[in-house]
Amino acid sequence: MSNRSDIAVEVVDLGKKYGAVNALNAVSFSIESGQYYALLGPSGGGKTTLLRLIGGFIQPTAGQVFLHGQDVSHLPPNKRPTSMVFQSYALFPHMNVARNVAYGLKLRKVPRNEINDKVDWMLSMVGLEGYNARMPHELSGGQQQRVQLARSLVLDADILLLDEPLAALDAKLRKDMCLELKRIQEKVGITFIHVTHNQEEALTVADRIAIIADGDLIEQGSARDIYETPQKRFTAEFIGDNNLVDGIVAGASGERVTVDLDYAKVEVAAPGATAAAGDAVSFSVRSELLRVIDPAQADNGAWQAVPATYLETIYLGLTTSHLMRLPDGREIVARVMSDEPADTSLEAGQPVTVGWQTDRARLHVS
Amino acid sequence: MGENGIQKWVFYIPVIFFVLFFAAPIVLTIVFSFFERTQFWMEPGFTLFAYENFFTSARAENYVFSMLHSAAAVVVSFIIGFPIAVFVRRRVAKAAQHRVILLFILPFMISELVRVFAMRPVLGRNGVVNNFLIDIGIINEPITVILFSPLGVVIGDVMSFLPFMIFAGFLAMEAVQNYVFEVCDDLGAGPVSLFGDIIVPLAAPGIFAGSVFIFVNSMGVALVPTLLGGPGAVNAGLIANQAIVALDFPLAMAISTIMILTLVLLLYIGHRLFDLTKVLEPIS
C-alpha cells in the first residue's frame, strides 16, 4: 500500500458520457504529490475531459476523484485544492495584471497589504516584475499565460491544472515557456497536471506522461520510458518517429519471440510478454535506430534484418531520413545525423537490407 | 467607368439622405430657436425670448422631472431587462439564444400606440391591477397613482423601451468569453462578486448604450405621457408638442435644442467613462 498522503490525485474508474457518447471510459490512475504530470494524446481523445473532471468543471457519470485522499467527485471547482490555467488567454480584460492576480485573494477576503505582497512576489516568480499596472491587451501571449499562472499559483492551490496552456503560442515561445513552466513547478514544488497534444512539450515538462486516446488511458510512465520503451502499439505510433511492423508469432523461446512477417522472420525481445504462437503482434523500432546494413551483419543474432526497396533521401537539417519500402508495401524510415558519413550510392529502386540491433525493437501485443 | 459611378453613388445616397433629413433639420431647429415669434409662424431675428420663456416657466421644472422619470425608467429597465440578457447568455443553449432574444422583439412589432393604450384598462381605476389587489384583499380602495401619473409614465416607458436594454445587454454579454465564467467558478466568485466585479464592468458599454436609448426615448416620445400621464406627468417631447399646438414655434425649437444638448452631454460623459467605440466591438 502506498501512503495516501503522498498521492495528490487518485482517479478511480472515472468516466464521462455525453448522451450516448463516451468521452472518457472508466479511467484509473494516481499522481504523486509534487510531480509534473502530462496528459498527452490526440485531440478529442478525452484528456481535457479528464482534466476538467479533476478540476470539477464537469461532473463524472461514473467513478470517483480523490484529491489528497479526499473524495471530491461532486465538489465545485472552488471547493477543491486545484486551480486551472486555461488554454485561451483567460484574463479578465478589464482588470490590470495586478488586479487579475489579486482577484482570487480578494474573494477570499485576504487583507489588502498581504494581497499586494503576494501579488508582487508571484509576479516576480513568473518573471513579470513591475508589470502590475499593464492591461491584458498590452501583453504578449506568453506574458498573458504567465499572468494566468500567477493568478492560479497565488491562491496556494497545491494541484495546478493546465489545459493546453501553450497551444496558442508560436513554436519558439512554446519551447521557452516549457522550460519556464518546468522551472516554476520545481520552485513551487506543487503538483502540475498539464494537458497537451504536443509530444515535445510533454517530454520537455513532464516527470511522468499518460497517453490518453479514445477515452482510455493507453499507458503511463516516465518521459524516458514512454519514449524509449512504449508498451502499446498506439504509444509507439504516437510518440517519437517509430517504424511499426505487423506479423504473426511463429514461436517463443525464453525472452525472445520469433515474428513471421511473410517475407522474413525476425526475433524480437519479449521480456515478460505473453505472446504465444499464432498471435498477431507488432513491434516498433525508432527511426534513429534503423540502419541500412550489410546482410552479413545480421548473422550473429545481435542484429535483425529485413529486405527493403530504397525510395529516397530527405534532408531535414539536423537529421537525414532514408525512406524505404518493405515487401508488404509499408514505408519505413531510417534517420541518421546529417553529418554522419553516409553511403551516397543509394538509389531509388535499389534493393537494400534494413537492420536494427535485436534488443532495440519493442514488441506490442496490444 | 459607369459601374464605378454607380458604386460611388450607392455610398453618397445615405450621406445625402442624412444631410438633407437629419443634419439640416437639426441646424434649422437650433437656428429657429432664436427667431422671433409671430402670431402663426416666426420671423428671422435673434432673441433669447424662447429660452427665457422656457427657464422661467413651469416647463423647466417639468423638463427636470422628465429627466428624473426617464432615469427611473432606465433603472427599472436595467433591473428587469439586464438579468434577462445575462440569463439568456448563461443558461439558454447556445443554439436557442438568438431565438429567445427574438421573442423580445415581437412586442416591438405591435404599434406602440396600441401597446401603450392597451395598458390603460390594466392600470386604470377599475383596471386589472386594482381589481386583483382588491379581490385578494391587499387594498380596499383603488390605487390611482399608477395611471395618469408619473408612475404610469415610468411603467409605460419601461414597457415600451425595455427591449433596448435586453438587446444591448445581450450583445454586450455575448462578447464576454465563456472562460471568464469558468475562471470565476475556479476562483470561487459568488453571484454577487461575479455580477458586480465581472459582468457589469464587461457589459458596461452595452448597458450604457441601452440606457441612452431608453433615456432619450423616455424624454422625447410624447405618446407615453399623452396616454398614461397626467398633471405634472409630462416629458420633454410632450412639452415641445404643447408648444407646437400653441403655435409657439421658437419655444418648441428651444426645447428641442435643449434636448439635443442634454443628449450630447450624456453621450460625452458616457464616452469618457466607457469609450463608446467599444460598444460594437467584441471585448478581447
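Trainee: Which residues of α9(B) are buried?
Mentor: V180(B), V183(B), C184(B), D186(B) and L187(B). Buried is a count: 20 or more other C-beta atoms within 10 Å of a residue's own, with 12 or fewer for exposed, partly exposed in between, and C-beta atoms placed from the backbone. Helices (H or I, at least four residues) and strands (E, at least two) are DSSP runs, numbered from the N terminus.

Trainee: What am I looking at, and how is it numbered?
Mentor: It is a predicted model, where local features need pLDDT of at least 70, side-chain atom pairs count only at pLDDT 80 or more, and totals for chains, interfaces and linings use all residues. Residues are numbered from 1 along each chain as its sequence is written, while chains are lettered from A and ligands numbered from 1 in the order in which they are written.

Trainee: Back to α9(B). Why are its buried residues on the same side?
Mentor: They cover an arc of only 160° around the axis, which puts them on the same side of α9(B). The arc is that of the directions from the helix axis to the C-beta atoms.

Trainee: What covers the buried residues of α9(B)?
Mentor: The cover includes β6 (82-85) and α2 (97-107) of chain A, together with α10 of chain B. Contact is defined as C-beta atoms, placed from the backbone, within 7 Å.

Trainee: And what comes just after α9(B)?
Mentor: G188(B), with a positive phi of about 85°.

Trainee: How many residues does each chain put into the contact?
Mentor: Chain B gives 16 residues and chain A gives 16 residues. On the side of chain B that touches chain A, α9 (178-187) and α10 (191-220) each supply at least two residues. The most come from α9(B), with 7 residues. That side of chain B divides into 9 nonpolar, 4 polar and 3 charged residues. Here Ala, Val, Leu, Ile, Met, Phe, Trp, Tyr, Cys and Pro count as nonpolar, Asp, Glu, Lys and Arg as charged, and the others, Gly among them, as polar.

Trainee: Pick a residue in β6 of chain A. Where is S83(A)?
Mentor: S83(A) is found in strand β6 of chain A. It counts as buried because it has 27 C-beta neighbours inside 10 Å.

Trainee: What does S83(A) touch?
Mentor: Not counting residues up to four places away in sequence, S83(A) touches S152(A), L155(A), A157(A), L160(A), L161(A) and D186(B). D186(B) is one of the buried residues of α9(B). S83(A) also lies 9.8 Å from F192(A), C-alpha to C-alpha, with their positions 109 residues apart in sequence.

Trainee: Switching to cores. Which residues touch the most other members of the largest nonpolar core?
Mentor: L39(A), V101(A), A150(A), L161(A), I193(A), I209(A) and I255(B), out of 140 residues. The largest share of this core, 16 residues, comes from helix α8 (residues 150-174) of chain B. Apart from it lies another core of 21 residues, among them V268(A), M324(A), V354(A) and W356(A). A nonpolar core is a set of buried Ala, Val, Leu, Ile, Met, Phe, Trp, Tyr and Cys residues joined through C-beta atoms within 7 Å.

Trainee: V268(A) sits in which strand, and how do the side chains run there?
Mentor: Strand β13 (residues 265-269) of chain A, and they alternate. V266(A) and V268(A) point to one face and are buried, while K265(A), E267(A) and A269(A) point to the other and are not.

Trainee: What pairs with β13(A)?
Mentor: Strand β12 (residues 256-260) of chain A, antiparallel, over 5 bridges. Strands pair if DSSP finds at least two bridges between them. R256(A) stands opposite A269(A). The hairpin has 4 residues between the strands, and D262(A) takes a positive phi near 80° there.

Trainee: What is the strand order in the open sheet of 4 strands?
Mentor: β2-β1-β4-β5 in chain A, with antiparallel pairing. β2 (21-32) and β5 (70-71) are the edge strands, each pairing on one side only. Strands β1 (residues 7-18) and β4 (residues 62-67) of chain A pair over 5 bridges, and G15(A) stands opposite A62(A) in β4(A).

Trainee: What is the phi of D13(A)?
Mentor: Near 50°, a positive value in a residue other than glycine. D13(A) is in strand β1 of chain A. It is exposed, with 12 other C-beta atoms within 10 Å.

Trainee: Last one. How is chain A divided?
Mentor: Into domain 1 (4-228) and domain 2 (241-364), with bounds from an automatic or database domain assignment. Their centres, taken over C-alpha atoms, are 39 Å apart.

Notes
Two residues are in contact if their C-beta atoms, placed from the backbone, lie within 7 Å.
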